[in-house]
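User: I'm new to this one and keep tripping over the labels people put on its parts. Could you walk me through where they come from?

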Amino acid sequence: MGDCSVVGAHAQGGETLGGVLIADADGDRGQRIASACSELGLVVRVVTHGAAALETALAEPPAVMIVQLGLPLIAGEQLGEILLANPRTGEVALVFLADTTAQSAVQGLNGQVFPPRSPATEVARLAQRLVERLGPASIATPGSPGSDGVEGELSQLPLADLVQLFHVSQKSGCVELSRKTADGAVETGTVVLRDGDLIHATTGSAVGEKALYRLLEWDRGRFDFHSSRLSGIDTQTRTLEKPTGALVREGVRQAQERARLARDLPPADARVRLKVRRASLPIVIHPLTQEVLLVLEGYTRVGDVVDHCSFSDYQVLRTLRTLIDRDMVELRRGSKPAPGESKLGLFAAARGDRLCEWLGTGPGDHSQPTDAKLLVVSSDSEASRGFLRLVSRLPGATQASAFGAKTTIGSLGRLAVNSKVGIEFVQVPSDARYAPLWPIAAHGALGVLFVLSSPVSAGLEAVRCAAEALSRLPRARIFHLLLLEKEGDIEPDALRENLSLFDESALFLIPLANPTSTDVLLREMFVRILP
């Protein structure tokens, strides 16, 4: 307890009468009360802010806490509610110190309130009577079960305040959150800290900043923090990279702005539709706007658009509002889907029509469906499996019943574009022994997708021969998909040395650690691949 000092003493005969924890930012007053308690034979600990008081009380629960009502970081009344709601500290007796006359008359406090300038001896005598009444048996021993945890209500201690407390005390652990929705379902979320720094957040399908900002908006529900639960989490994989203070400040700001503009932002159950042609949009668009426009091709319900964008909910809603105000997007109240909305939820109806035209299958053609072919050349078998794992999450995806190593030729699976046509993934080995088959397999294909796993330099070398040969074919359309274990897991030098293999518009970097962003980027890739 870096901010805790002990002014302890023992009663005559060496018997400890009990423990008292004083939490007071007024150092002189705190020390006067501590000295008075010590003279009465009480063991006393003194802290000067709410974070230290909470940590100290949870680690070694006192019999009595003397708490300043205006305590920094956690106000005295709020701290008392948290401790009384926690099973480990629920029996602690509370005594409050008022800083103003008005505070002395506060009703509903679970403990006696001493007005300003009360004699230290008077406060100490009350603490002594409470300790004697409770008895030493009421004091939990350090290290007993539950000493690494704290639980409570978000209405008493919001997540933003909780994170700041753990940040100050450099705590490592996992905060588990839960709340009931209006329809009775239970939402859950998880926030992970290491040495007081935020490293991971998740709720539903959202991870990282998107998840953290959602959780920071919760004003009701429960939290449960335990440092021991960190052992079951891979703390080397981070989804939160920014400084903790900056993350909390930005999350709180967005939550406040969203609440302030709630009437102006489109509701989750409304429908939105792009009113202008993509071709008429400016070439240079902010990445946030570009992603929203892309997701609008597959989803029309506002809640779905928000869920499938990697940016924070507030940013997506503000962007939608701006597009609506500029008459680029149409807003329709109600939950019915717009005419022509893809039931598969991945591609707009126009994409399927264009693919049918490319395949020579008109809208009125009732012949057997014909799929377009996309060659997949992987750097290794793990890259093939990683690609299939990603695609399998998309609506309309089916996987072949079996697939072999990178030396096998055959179908990996299919992605439906509409009810009639889809994209069939045909695996072709990158081994030079199969070079005579490359042009045959590529004939009539939508394109060739090279799937590379980390490290990039090794993946590029594995497919170099096939990439050079297939890129020389007439009307060749080459795409590269780099599977990154971490968002920063890229070798710039390897890319610069091999720029001749890449067309910047056909290079896709997929960070596997961010599922929301991954799904959006995959969809963008397939939109680019379609004719």
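**How the labels are earned**

Analyst: Sure, let's start with a pair of helices: helix 8 passes helix 11 in a left-handed crossing. Keep in mind that this is a predicted model.

User: Why is helix 8 called oblique to helix 11?

Analyst: Look at the angle. Helix 8 (residues 244–260) and helix 11 (residues 313–325) pack at about 40 degrees, with their axes 9 Å apart. Roughly parallel needs an angle under 35 degrees, and roughly perpendicular runs from 65 to 115. The angle fits neither, so helix 8 is oblique to helix 11.

User: And which residues of helix 8 and helix 11 meet there?

Analyst: From helix 8 you have Gln 254, Glu 257 and Arg 258, and they meet Asp 313, Tyr 314, Gln 315 and Leu 317 of helix 11. Sorted by class, that contact of helix 8 with helix 11 has 2 nonpolar, 2 polar and 3 charged residues.

User: What makes helix 7 oblique to helix 8?

Analyst: Same kind of check. The axes of helix 7 (residues 208–216) and helix 8 cross at roughly 60 degrees and come within 9 Å. Roughly perpendicular starts at 65 degrees and roughly parallel means under 35, so helix 7 counts as oblique to helix 8. Helix 7 passes helix 8 in a right-handed crossing. On the helix 7 side, the contact is made by Glu 209, Leu 212, Tyr 213 and Leu 216; the helix 8 side includes Leu 247, Val 248 and Gln 254. The class count for helix 7 with helix 8 is 6 nonpolar, 2 polar and 2 charged.

User: How do you know whether Arg 117 is buried or exposed?

Analyst: Check its relative accessible area, which is 77%. Exposed means over 50%, so Arg 117 is exposed. Arg 117 sits in the loop between strand 6 (111–114) and helix 5 (120–134), and its phi is near 60 degrees, a positive value in a residue other than glycine.

User: What about Asp 195, buried or exposed?

Analyst: Its relative accessibility is 51%, and the cut-off is over 50%, so Asp 195 counts as exposed. You'll find Asp 195 in the loop between strand 9 (186–194) and strand 10 (197–203). Asp 195 has a positive phi too, about 55 degrees, although it is not a glycine.

User: Which residues touch the most other members of the largest nonpolar core?

Analyst: That core has 58 residues, and Val 305, Phe 387, Phe 425, Leu 481 and Phe 526 touch the most other members. Apart from it lies another core of 50 residues, including Leu 212 and Tyr 213.

How values were computed. Residues are numbered from 1 along each chain as its sequence is written. This is a predicted model: local features need pLDDT of at least 70, side-chain atom pairs count only at pLDDT 80 or more; totals for chains, interfaces and linings use all residues. Side-chain values use heavy atoms; hydrogens and water are left out. A nonpolar core is a set of buried Ala, Val, Leu, Ile, Met, Phe, Trp, Tyr and Cys residues joined through side-chain atoms within 4.5 Å. Buried means under 20% relative accessible area, exposed over 50%, partly exposed in between (1.4 Å probe, protein chains only). Helices (H or I, at least four residues) and strands (E, at least two) are DSSP runs, numbered from the N terminus. Axes are lines fitted to C-alpha atoms, for helices over the stretch in contact, and angles run from 0 to 180 degrees between N-to-C directions. Angles under 35 degrees count as roughly parallel, over 145 as roughly antiparallel, 65 to 115 as roughly perpendicular and the rest as oblique. A crossing is left-handed if the near helix is turned anticlockwise from the far one by less than a right angle, and right-handed if clockwise. Contact means heavy atoms within 4.5 Å. Ala, Val, Leu, Ile, Met, Phe, Trp, Tyr, Cys and Pro count as nonpolar, Asp, Glu, Lys and Arg as charged, and the others, Gly among them, as polar.
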